[in-house]
Amino acid sequence: LSRYYDSNKINCKTVLIHKTKILLLFIFVFAFQLIEAKDAQFHFFDRTSKEQITSTISNKNTIIPQNWQVLKNGTWEEISIPFLCIDCSNLELKSTFDFDSISAVKQMYLKFQGIGGSAEIYLNKKLLQFLPNAQIPVKINISSELLWVEQTNELIIKFKVPETINDGYPVFTQLYTEPYYMGLFKPVQLYLVPDYCLDNFNYLVNEIDEICEVGYRFNLHIPEKLIDRVVPASIDYSILGPDDKLYHRRIKTIRSASSSIDDILKIPKSEFWNPDRPVHSSLIYTIARNNRILYRDTVAITFRTSESNQKQFFLNGEEIIIKGINYYQNYLNFESKQFLNIVKKDLRIIKNLGFNAVRFPNYFPDEEIVSITDSLGLLLFTELPIKRYPVLLFQSDNLLENTKISLKQISSYSQNHPSVYAIGIGQEIPLYHGSVQKFYLIINGYMKSLSPLPMYVSPIPSLMSYKERFADFYMLDVYRPL
């Protein structure tokens with residue numbers, strides 16, 4: 001109804017807004033009552049790399065939880081993953097894993113590529129974290145005190161439909177009559193941080209020109225026993241372009257087991273990632289002590305910039321015309337099929353048809369899919385599941401905090417993926433309302449403090465001119481058959 005309000009009919013508008021709020025909230029509650037009344041349906045599909053699902057250890061630093069079970073009528077029953085459940089009001093999963101020795105564990109993370117539904121994560125009966133239903137990759141730090149050595153460790157995931165704003169992102173609508181589903185349809189891993197590790201590489205292009213100045217930073221972790229003031233260890237690190245041309249090299253003394261290293265290099269803009277040349281550079285580093293090499297490794301890195309305004313998009317300082325297509329998520333289409341093979345084939349077709357961008361409406365794809373778009377040279381427009389919300393929800397502190405948490409996770413994750421071009425924070429939003437504008441003013445400022453990624457909103461059409469105050473650009477959803 002808000003699309004058709006006449007700005008001159010203030011009294012009528014106010015009444016209609018309150019009626020719309022009540023109606024939407026009633027539909028929301030009624031929808032969940034219907035969900036609870038139906039029988040749960042389980043659907044299974046395949047991912048291309050079966051070893052990620054079936055092997056106990058994919059490499060020395062990664063453990064895949066095994067023996068998944070689902071709680072049905074008070075009894076644990078075996079279940080294969082990945083899967084999704086339709087018409088579930090709640091869902092409880094259990095898995096197990098073992099450790100030979102916890103003393104060797106320096107630091108550990110539980111890594112989710114995103115899950116369906118809101119969920120509480122428990123390890124050995126202790127609550128680790130609550131995850132809202134944003135399907136965003138997340139990394140949860142695990143203290144070694146929570147792990148068991150001489151008995152099997154137990155991981156429990158308790159899913160639920162978000163019934164209130166406290167539970168995550170409420171879902172009012174589904175596209176193409178697709179039902180609401182929850183489940184575990186993306187990889188789950190326990191990652192043990194190795195003795196030698198370089199992580200959290202991030203950069204900022206200080207000046208865009210033919211030769212660009214780039215400031216960068218990374219974290220370095222080495223064994224504590226190597227820290228010695230008399231004979232300290234050192235790091236020798238170099239940055240090579242896509243064609244292995246050396247652009248930067250430094251040698252520095254390492255003074256702590258975990259340290260942050262900052263530096264600046266100059267590199268031609270032609271070496272930056274772009275859709276026509278989706279290439280990566282390399283950071284090669286060597287840890288040595290007393291003229292003896294202790295460790296050496298190579299990390300793939302990329303450089304690029306993205307900007308936008310109300311009329312133009314820029315990539316690496318040059319205007320780019322976005323030719324994109326929507327790629328909706330419907331896991332039911334992949335039942336009993338190889339999920340990643342199909343998605344990879346679809347994305348290659350999109351690229352070969354001449355598109356340079358793909359939008360994932362209302363969800364964030366997992367890392368394996370984003371890695372495919374990195375290599376193909378497709379710009380990603382990804383979104384949080386904030387869709388057709390009434391004004392009342394934007395007045396909630398819970399929605400604001402959930403959005404901030406999700407953006408922080410996205411900004412950290414997207415640094416290593418050059419194809420992630422922009423983040424959408426709402427579809428068909430009543431941006432003409434003051435409360436909603438306040439919400440987006442806060443979120444826009446917060447996003448700029450985290451990442452240079454542009455932020456966009458899809459507002460309900462109105463006569464207002466929003467400019468850049470609430471988002472970097474706006475997307476108009478026009479629904480019509482092709």
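Start by selecting helix α4, residues 367-376, and then show what covers its buried residues: the cover includes α3 (339-352), β26 (357-360), β27 (379-383), α6 (397-414) and β28 (420-429). This is a predicted model, in which local features need pLDDT of at least 70 and side-chain atom pairs count only at pLDDT 80 or more, while totals for chains, interfaces and linings use all residues. Residues are numbered from 1 along each chain as its sequence is written, and side-chain values use heavy atoms, with hydrogens and water left out. Helices (H or I, at least four residues) and strands (E, at least two) are DSSP runs, numbered from the N terminus.

**Stop 1: helix α4 and its ends**

Colour Ile369, Val370, Ile372, Thr373, Asp374 and Leu376, which are the buried residues of α4. Buried means under 20% relative accessible area, exposed over 50%, and partly exposed in between, with a 1.4 Å probe and protein chains only. An α-helix has 3.6 residues a turn, so residues three or four places apart point the same way.

Now look at the N-terminal end of α4, where aspartate 366 acts as the cap: one of its side-chain oxygens lies 3.2 Å from the backbone nitrogen of glutamate 368. After the helix comes glycine 377, with a positive phi near 85 degrees.

**Stop 2: histidine 417**

Select histidine 417 in the loop between α6 and β28. This residue is buried, with a relative accessible area of 4%. Beyond its neighbours within four places in sequence, histidine 417 is in contact with Glu367, Val370, Ser371 and Asp374; contact means heavy atoms within 4.5 Å. Draw a distance from the side chain of histidine 417 to that of glutamate 367 and you will find a polar contact at 3.2 Å. A polar contact is a pair of N or O atoms within 3.5 Å; within protein, one must be able to donate a hydrogen and the other to accept it, and residues adjacent in sequence count only if both atoms are side-chain atoms.

Before moving on, add phenylalanine 303: its C-alpha atom is 9.7 Å from that of histidine 417, with the two positions 114 residues apart along the chain.

**Stop 3: aromatic rings**

Show the rings of Phe, Tyr and Trp (its six-membered ring), which pair if their centres lie within 6.5 Å; planes under 30 degrees apart count as stacked, over 60 as edge-to-face and the rest as tilted. The count comes to 22 aromatic pairs. Pick out phenylalanine 313 and phenylalanine 381, an edge-to-face pair at 6.3 Å centre to centre with 85 degrees between the planes. The pair links distant parts of the chain, with phenylalanine 313 in strand β23 (residues 313-315) and phenylalanine 381 in strand β27, 68 residues apart. Both phenylalanine 313 and phenylalanine 381 are buried.

Stay on phenylalanine 313 and add phenylalanine 473: these rings are also edge-to-face, 4.9 Å centre to centre and 80 degrees between the planes. Phenylalanine 473 sits in strand β30 (residues 473-474), 160 residues from phenylalanine 313.

For a wider view, select Phe201, Tyr203, Tyr216, Phe218, Tyr237, Phe272 and Phe303, which form one aromatic cluster.

**Stop 4: strand β17**

Tyr237 from that cluster has arginine 250 in β18 as its bridge partner. Select strand β17 (residues 233-240): seven of its eight residues are buried, so the strand is largely enclosed by the rest of the structure. Two strands pair if DSSP finds at least two bridges between them. Eight antiparallel bridges join β17 to strand β20 (residues 281-289), where isoleucine 287 stands opposite isoleucine 235. Seven bridges join β17 to strand β18 (residues 246-253), again antiparallel. β17 and β18 form a hairpin with five residues between them, and aspartate 244 in the turn has a positive phi of about 65 degrees.

**Stop 5: serine 118**

Finish in strand β9 (residues 118-123), at serine 118. Serine 118 is buried, with a relative accessible area of 0%. Its side chain reaches the backbone oxygen of aspartate 167 at 2.4 Å. Leaving aside neighbours within four places in sequence, the contacts of serine 118 include Phe130, Leu131, Lys158 and Gly168.
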